Amino acid sequence: MEYILLVPVFFPILAGIVLLLKKEYQKRSSMLLYVGTALVITGVFAVYGIFGITEGVTLFHLTKTLPVYFELDTLGRYFSLLFTIVWILAGFFSFEYMKHEEREKRYFGYYLIVFGVLLGLDFSGNLITMYLFYELMTLTSLPLVLHTQTREAVMAGLRYLFFSFAGAYMALFGVYFICRYGTTLNFTAGGVIPAAVLQENRTLFLVAVMFMIIGFGVKAGMFPLHAWLPAAHPVAPGPASAVLSGIIVKAGVLAVIRVVYQMIGTDFIRGTWVQTAWMSLTLITVFMGSMLAFREPVLKKRLAYSTVSQLSYILFGLSVLDAEAMTGALLHVTAHAFIKVALFLCAAAIIYQTGCKRVEDLKGIGKGMPVTLWCYTIVSLGLIGIPPTSGFASKWSLAVGALASGVPVFSWLGPVVLLVSALLTAGYLLPITMQGFFPGEGYDASRFEGKEPSYLMLAPLLIFAALTVLIGLMPNGLTDRLFEFAAQALQIV
Amino acid sequence: MNAFYLFLAVLIPCVGGVLNPLIPWKKRSHMLIYLETLVVVNSILVWVLLLNRPEEIFTLVHFTGNLAIAFQLDGLGTVFAGLISFLWPLATLYSFEYMTKEKHEKTFFMFYTVTYGVTLGISLADNFLTMYCFYELLTLVTLPLVMHTLTREAILASRKYLYYSIGGAAFAFIGMIFLLTYGESPDFILGGVMSTATLAEGKNTFLLIYVFSFFGFGVKAAICPLNSWLPQAGVAPTPVTALLHAVAVVKSGAFAIMRLTFYCFGVDFLRGTWAQYLLMGVVMFTIVYGCSMAVKETHLKRRLAYSTISNLSYILFGVVLMTPLGLVGALSHMIFHAFMKICSFFCAGAIMHQTERHYIHQLDGFARKMPKVFAIFTVSALALMGVPGLCGFISKWNLVSAAIESQNPMAYFGIGALLLSALLTAIYMLTIVIRAYFPEKDFNYDTIADVKDPNWMMLLPLTVFAVMIVVFGLCSMPVTELLTAVAAGSF
Amino acid sequence: MELIRNFPCLSIFMAMLSAIISSALKGNGARRLNTFVVTAVGVMSACVLYLTCTTGESYVYKMGHFPAPIGNEIRFGSLEAGMALFFCVIMLFSLNGGRKKIQIEIDPGKENLYYIMVDLLLSSLLALVYTNDLFTAYVFVEINTIAACGLIMIMESGRAIEAATRYMIMSLLGSGLFLIGLCMLYDMTGHLLMSYIQISVREIAESGTYMIPLLVTIALIVVGLAIKSALFPFHAWLPDAYGYSTVSSAAMLSSLVSKGYIFLLIKIIYRVIGFDIFVNSKIINVLFVFGLAGMIMGSMSAIRENDIRRMISYSSVAQIGYIYMGFGLGTTVGMVASVFHILSHAATKSLLFVSGVGLTDVSGEKTQFIELTGAAYRNVAAGLAFTVGSLSMVGIPLFSGFISKLLFSQAAVQSNIKMLPTLIALAVSTVLNAIYFMKTVIRIYTPIESKYPSVSIKKNRLYAFTLLCFVMLNVALGMCSQPITDWITQGLSVFA
């Protein structure tokens, strides 16, 4: 039975490859049918695997000591469920959106492949498997970034690629050492390296951990290697930007959690310069991302900068090494995923319907696309952290955890920065709502008349907005689970 | 089997190659069949020998005293001989198609085939003198291949190649003299041929001599200050660049260094000395330097040549770790890099053969017109970067494991160099791939309407190599086990 | 067996006699006589070699009426006999290889003169090899010089005459120094026979008096002979002399004349002064340094050279440097290496000269590199032979140069201080050799549309055959060096 775990990983990859190799479809609808079916089948098996299977499965050995091994733990389940939901919904959104782009077949082919790779990343039961899928993810998601093939897109794609690989190789440095000294490669709460070994090679391992945090942090847009993100995310087609910004960046978060909490162990880095450096970097990123977003006139780029900032909220929560903060961070993963995908999808819908890309063009858009703008407003509130949305719940936990952690300086500096950043977030998101609904005197909103998108596009938006509110209202079921996991990962009994 | 067959394996291609221009061929195809048969038969002979290894030594001729030309087959030789005898028939097949556009085919194939025998001679050599002789011969027989096009550029390149190689051999010669004088046996012995007492007596002298000979052989392996011949030698026809300057010749240099380090001086003596640190520094620098130059280079073949420089130093990095595990890493990269690099070179050759385009900026949109070649090129590019699941990852893994295991702090920096180099590899390989697959939006495909995939003679070797890259990447265990046995001396 | 003992003396006189007869003969007759004499002397030397090798001793042959220590003596062991044989072989090959050029370049009326000079050269060489008397040696050194001058001058071109004059001046300077040294030695010891001088020298060395005069004497003799054999920095006369004479002359001058002086020097070192005394004097360090400098500087000059003949000549400077470097090592092994290199260099250099002329012939008689492009295709035999010679010079295994290099380095390894300089100089010199020789090889194998006609082997049978012989000799030295080194070692052991 455990072999069913392989289905959601390899089925979409194969389906994607088949689609890529096929001749052009005569009818667009038959391709969509194919893609839709593949997405749904994957989703079903993924959900089945997430809830139904506890055993692990070894696929094969790369070398004698390197098995490719899949197993789901709480973290894996959490992430894979999140990824599945978002990926499928965004996929349906793109059925409509991709009408105005070329080479749809290629887009959907890679879309399916990346889905499989992401699930593989979530399902991986040991470090090397995760690394394998991590690299594959970079490579397979590249065509999504490059899709439009404009000069800008190609340059952004290259930047994406090189930053990602730089990060991956930095991380690989640590992977090498963990594989050598770890008692096992499987993810284990509290780490796999004996404390004696860690103490003996203290400097080496601290450097290695720092490398891994920065390396995997590249995907999560952490300063100093964040520059690729604002370039790469906006150039992709709308739904691709959404999943890139909402989902793929989270893979970096997942990898960081895996490494820090389940490979090295938190005890080793608590109170060291690594933790200090990590916290400083995340706080710098939070503030810087928000500032840059505030100054950015192009909507998608503004959202991308916002991603930089928000991802470092999560990383900050992780760097505190506190159960409460970690719960907040994990909750923010979901919150941000739904919100950012929704925001990007809104932007995509606007571009699709009106072609407007810059913020100042959007005056009065609420007259023509009220539903879209309402969804935008709701999730924006969520991102700022206003109750009763999911963002509030997650940020609350983050701040409380940080305050309670007792880390000198950062325990109060962190929440302050988060608060300032939240204000900036309001500053860069809400003007669009205000000017959209209240364009002011003498403004002609007639060009937006009747531009509301179709239901295929609206439905995902509405679902994401609803989920945002829903989680904000009833976070407890989720937070309890997450807290339990966090406590276990931090080995607080 | 009788050890005489070892000599036969060296002799067949040499004699068969020399005969080629003498036979009055009526049709080109007859010559091709002759050559391919010759090479395949010899490869089969080599593989039969590998599987039924002769235990004794075959001595061909005595020079003076204990100096003899002799052949034997040990673990290290098995690896190298197996590698080249696998690649040669495929490369020959490829060159049949490639050479249709070049002149002086007969001479070309003569030297090309003779080189096979000479390279086998290096791998099957029983003692330093034999290896040295074939090493020098290798320079001479490959020289006409580099000169082949006879343009001014080719002649300058071949001159440089010659000076560098002979100069290197001259320094390696110093090492040979020492080994002949102080060694207790002229044959190669895993662990070294000199007694500890002798070594302890003139420690620094021996180390100095080791460094000299390392650099001497390092010329062929293109280590840093001595590498400029390799990119220039890229003017040769692609089968030469691919097989010789990515595999046979340059790996002979690496092979000789392995012999020198593990089978002559002995790693127990060298480990932890200034010589080790010095060489490790040089090798690490070369790794990064080669990649950086490759990023700068815009000529396709030269870029790959710079990549070879860097990758050869991966092998040498494994060697200078001076542990059995390091040798495993070095050997595995020797094998895997051979497949990856010959594959990418052959792709480059296919592009040049089909389209006469040499520069990377001319390759926009080629992937649509040459889908097979570019799919294979992508595989080789990813493998060179070390993406898990392809063979490059495995060899790098072996190298790094050895580096960690050696507990040598400097080796940790070597890991950093490897990773930096991997990143640079990603840059210089994937820019080509992306350019070919994703040209700019309004790219006009009519400008490359004449571009198409080559015929089966080129595609077959390419496909085989690509498949091998994947197969080795997924199940490398038999290879690694074999190499471990070789490094432990138990094979 | 008793008869064979007369052969050395006989061969010297035969050569001299043939010179006298030749003056009455026409060019062709002189040539035939010369060929006969060289062959006959070769055969006789082979017999002597056989005798000395089988018995493993050296023999003394009394000349004239008076017994030692007053009279004159010939002394021969296996080394002398082998040298004589080798000189004959090289001479025969060189003359055969250059025969056509001799016919073209030399005024027909003077052809017999040329062969007279060759005969004289042979006799003086044989005398230098065999004699046991220092003054006899001096006399034949002078004869040798005059014969060599004649060989250079015979072309009668302005440059040849200038070169000959220069050669003459330098050579006489060398002979003069040699003569002064000889006189001083006679002053100190009262003997002219080598073996007796050594006894006295030994006494002087042991008593410790006269050490400075002795040192000066050694220095004078060594420098005198070094000038004559063109050791760096006394090589200024060499490139012109070799470069502007007819090819046979050049080949013989480089492989025989200078080697004769070197052989004499070896003889003096072993038989007159005594090897240990020589080693203990500081002279060997000087020789060592000059040898090394010669190896490098000779090659550097050759690289800068634009003329193939002069390039080959400069290469001789480098090779002479090798030989003196071997002396400078001050060990028997080093000596063996030097003697082997005398053979190896003689075989290779004459091959290069002879094949080089084949290449220039098909390039409009021009010696500049630019004209030589593609010459190997126009004269296949010469091209191949030149390649073999070059490879040997560079020290590629299977050829004689490799073995010399091997022997030199093995000798060097046994010395503590001189090891590294020697090894590095050898390596650098190899690179430099590769640069100028292989550059030439690449050039002659670069095909172009040439305006010069090509020459087939069939028309030039003798030439091609000679080249083949040279190549075989070279390969033989490279492949079967063991018996040769054994012979040299044995010969040196009975030399003193």
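Start in chain C of this predicted model by selecting helix α8 (residues 158-189) together with helix α9 (residues 194-207), which pack at an angle of about 70 degrees with their axes 10 Å apart. Because angles from 65 to 115 degrees count as roughly perpendicular, α8(C) and α9(C) are described as roughly perpendicular to each other. To see where the two helices meet, show the side chains of Leu185(C), Met188(C) and Thr189(C) in α8(C), and then those of Ile197(C), Ser200(C), Val201(C) and Ile204(C) in α9(C), which are their partners across the contact. Coloured by class, the residues of this contact divide into 5 nonpolar and 2 polar, with no charged residue among them.

Stay with chain C, but turn to the side that touches chain B, where 21 residues of chain C are in contact with 25 residues of chain B. The elements to select on the chain C side are α20 (400-413), α21 (419-444) and α23 (481-493), each of which gives two or more residues to it. Of the elements there, α21(C) gives the most, with 9 residues. By class, this side of chain C has 13 nonpolar, 7 polar and 1 charged residues.

Next, show all the chains and ask which pair has the most contacts among the 2 pairs that touch. That pair is chains A and B, whereas no contact joins chain A and chain C, whose closest C-alpha atoms lie 41 Å apart.

Now select chain A alone, whose secondary structure comes to 20 helices and 2 strands. Its C-alpha trace spans about 70 × 55 × 40 Å along the principal axes. A compact globule with 493 residues would have a radius of gyration near 23 Å, and the 22 Å of chain A therefore agrees with that expectation. Of the 493 residues of chain A, 62% count as buried, and of its contacts with a separation of 6 or more, 82% are between residues 24 or more positions apart.

The last stop is the largest nonpolar core, which has 611 residues, and in which Ala342(A), Ile342(B) and Ile469(B) are those with the most contacts inside it. The element that gives the most to this core is helix α14 (residues 323-354) of chain A, with 22 residues. Finally, centre the view on Ile342(B) and ask which residues it touches, not counting those up to four places away in sequence. Around Ile342(B) the viewer should show Leu87(B), Ala91(B), Ala242(B), Leu243(B), Ala246(B), Val247(B) and Phe465(B).

Definitions and conventions:
Residues numbered from 1 in each chain as written. Chains lettered and ligands numbered in written order. Predicted model: local features only at pLDDT ≥ 70, side-chain atom pairs only at ≥ 80, totals over all residues. Axes fitted to C-alpha atoms, helices over the stretch in contact; angles between N-to-C directions. Helix = DSSP H or I, 4+ residues; strand = E, 2+ residues; numbered from the N terminus. Parallel < 35°, antiparallel > 145°, perpendicular 65-115°, else oblique. Contact = placed C-beta atoms within 7 Å. Nonpolar A, V, L, I, M, F, W, Y, C, P; charged D, E, K, R; others polar. Core = buried A, V, L, I, M, F, W, Y, C linked by C-beta atoms within 7 Å. Buried ≥ 20, exposed ≤ 12 C-beta atoms within 10 Å, placed from the backbone. Rg over C-alpha atoms; globule rule 2.2 N^0.38 Å.
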